[in-house]
Amino acid sequence: MSPIDTPTAVSPAGRLDAWLGKYTMYRLILLVLAALAAYSMVLDALGWLTFGIPEMVVHLALCLGLTYASNRVLAAVFHVRPHSESSLITGLLLYFLFWPSFAPMDMAGVTLACVLASASKYALAWRGRHVFNPAAAGAFVTGLTGLNIATWWAATPAMLWLLVPGIVLVLHRTRKFLMAAVFLVVAAAVVTSELLQAGTTPGDALWQAVAQRPLLFFVGFMLTEPLTLPPRRWQQLGLAAVVGVVFAVPYNVGFFANSPELALLVGNLLAFVLGQRGALRLTFTGSRTLTPSTTEFGFNPSRPVRYLPGQFMELDLPHGKSDGKGRRRVFSLTSAPGSATVTFGVRTAEPLSAAKKALLALEPGDPVTATSVGGDFVLPRDPRTPVLLIAAGIGVTPYLAHLAAGAGRDRDVVLLLLARNAAEIAYARELEGCGARMVARLADGSIPPSFIADAGNLADAGAAGPGGVASPPRLDGTSLRALVPDIAERTVYVSGSPSSVASLRRAARESGARRVRVDSFAGY
């Protein structure tokens, strides 16, 4: 979704968001893992690793080739479209899990792990969605056979120089820093405590826990994998704590001993129980134009969808000519929970991405797969808590489900819309009777029907830019407080592009807001 941006200086974080927004999480992880694999070869050539270049090259080729080939074969057997990026990510993960070796038993174990990892996506699946992390499943079952055991050799101090920046990029892109921190604190505390009891010094104990155990690799590339996470943040944080304990506490019960892969599988199972279980088939019913630059798409789900107002749905949109972002895209649900049809509002102005072209090419009756539902852009549980909803352009979409579910009538809601002109306000008709107090700040200085007049300086907000075209409206702390004098008493929600969200969040803080929740769309 591409809401308008407020014309302020873009922060380094905003520039990073804009750059990372060019890639889906899957593509980003693939690139980071590929860079780490190349880096491991350099380290080996320099003598920091001791595997041998031939062993590492063959091991890498074996992992990538087998996961790619077995995934394509199984996809053909199950009559589904293969996900090549996913198979390559699984291959790279297994490359870092198993020791590079020419020993026949070791290579046989790696072969089995690769095939089992691909098979788990189909055999250990529910309604089209895999339950367990494929690499962890393949490694765990292979360990039970005795052919090979995952060593997680990526937990090597020399790898930290590139591993840490790569993990930071991934966690920033997925907004999972808090979840990662919970896992790291819990797991590192358990490991460090055991080492201290064994007589290790505090500094060495902490170093061993972080640098010589696979905590960082595990949390950056496997625990936060989106398709195996529960939908709500509080669930994810609880899951991180549980997995941290299972990861770090030593135990041996029958065939089962503590290992990173087993800890992840336990977490995957808990997430499956908590979340939307399995992929969902949607049937396209049609589209309608919302504004000259936005379109709404409607779908009938094959079964009831469980979600809260403000949450998103991830769609798998196969398209022949990929634009580098993969097939999956996240869209805010604009329909109220319980509706027979699920709807999404999408910015469809040129230039169009491959995914948007795929959406626009849909014909009524065409099937689409929804792979997950999640998000925490939900209103406070206490209906007595007043809220301010700030939307930049098509950033209004997550608020539609809230208002359609009656939030504007059940609580004190102020909706502030930023747009270039009245014609660019999506869902204007639906908003008229929503019950919220509505304020619009438009670049051309107009006031649309049913909206409260802007208390700010509309002439300044709509000053003509280059070529006589009105610039998008700008808000700072002073003008925002003028629009909503009681903003300090409200929980503020901000939705838009990463750059506009960053600017509006700063403005909200400057205006006195104490509680600010954000939801951003990096483009698709």
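**Exercise 1.** In this predicted model, work out which parts of the chain the salt bridge between D412 and R490 ties together, and whether each partner is buried or exposed.

*Solution.*
1. Start with the contact: the side chains of D412 and R490 form a salt bridge, at 3.0 Å from N to O.
2. Next, place the partners. D412 sits in the loop between α15 (407-410) and β12 (413-419), while R490 is in the loop between α18 (477-483) and β14 (491-496), so the bridge joins parts 78 residues apart in sequence.
3. Now check accessibility. Buried means under 20% relative accessible area. R490, with 0%, is therefore buried, whereas D412, with 34%, counts as partly exposed.
4. Finally, look around the pair: D412 and R490 belong to a network of salt bridges that also includes R437 and D486.

**Exercise 2.** Find which helices hold R27 and E85, and decide whether the two residues are buried or exposed.

*Solution.*
1. Begin with the side chains of R27 and E85, which make a salt bridge with an N to O distance of 2.1 Å.
2. R27 belongs to helix α2 (residues 25-45) and E85 to helix α4 (residues 84-97), so to speak of the pair is to speak of distant parts of the chain, 58 residues apart.
3. As for accessibility, R27 and E85 are both buried.

**Exercise 3.** Classify each partner of the salt bridge between R384 and D382 as buried, partly exposed or exposed.

*Solution.*
1. The closest N and O atoms of R384 and D382 lie 3.1 Å apart.
2. The cut-off for exposed is over 50% relative accessible area. R384 has 72%, so R384 is exposed.
3. D382 has 30%, and is partly exposed.

Definitions and conventions:
Residues are numbered from 1 along each chain as its sequence is written. This is a predicted model: local features need pLDDT of at least 70, side-chain atom pairs count only at pLDDT 80 or more; totals for chains, interfaces and linings use all residues. Side-chain values use heavy atoms; hydrogens and water are left out. A salt bridge is a side-chain nitrogen of Lys or Arg within 4 Å of a carboxyl oxygen of Asp or Glu. Helices (H or I, at least four residues) and strands (E, at least two) are DSSP runs, numbered from the N terminus. Buried means under 20% relative accessible area, exposed over 50%, partly exposed in between (1.4 Å probe, protein chains only).
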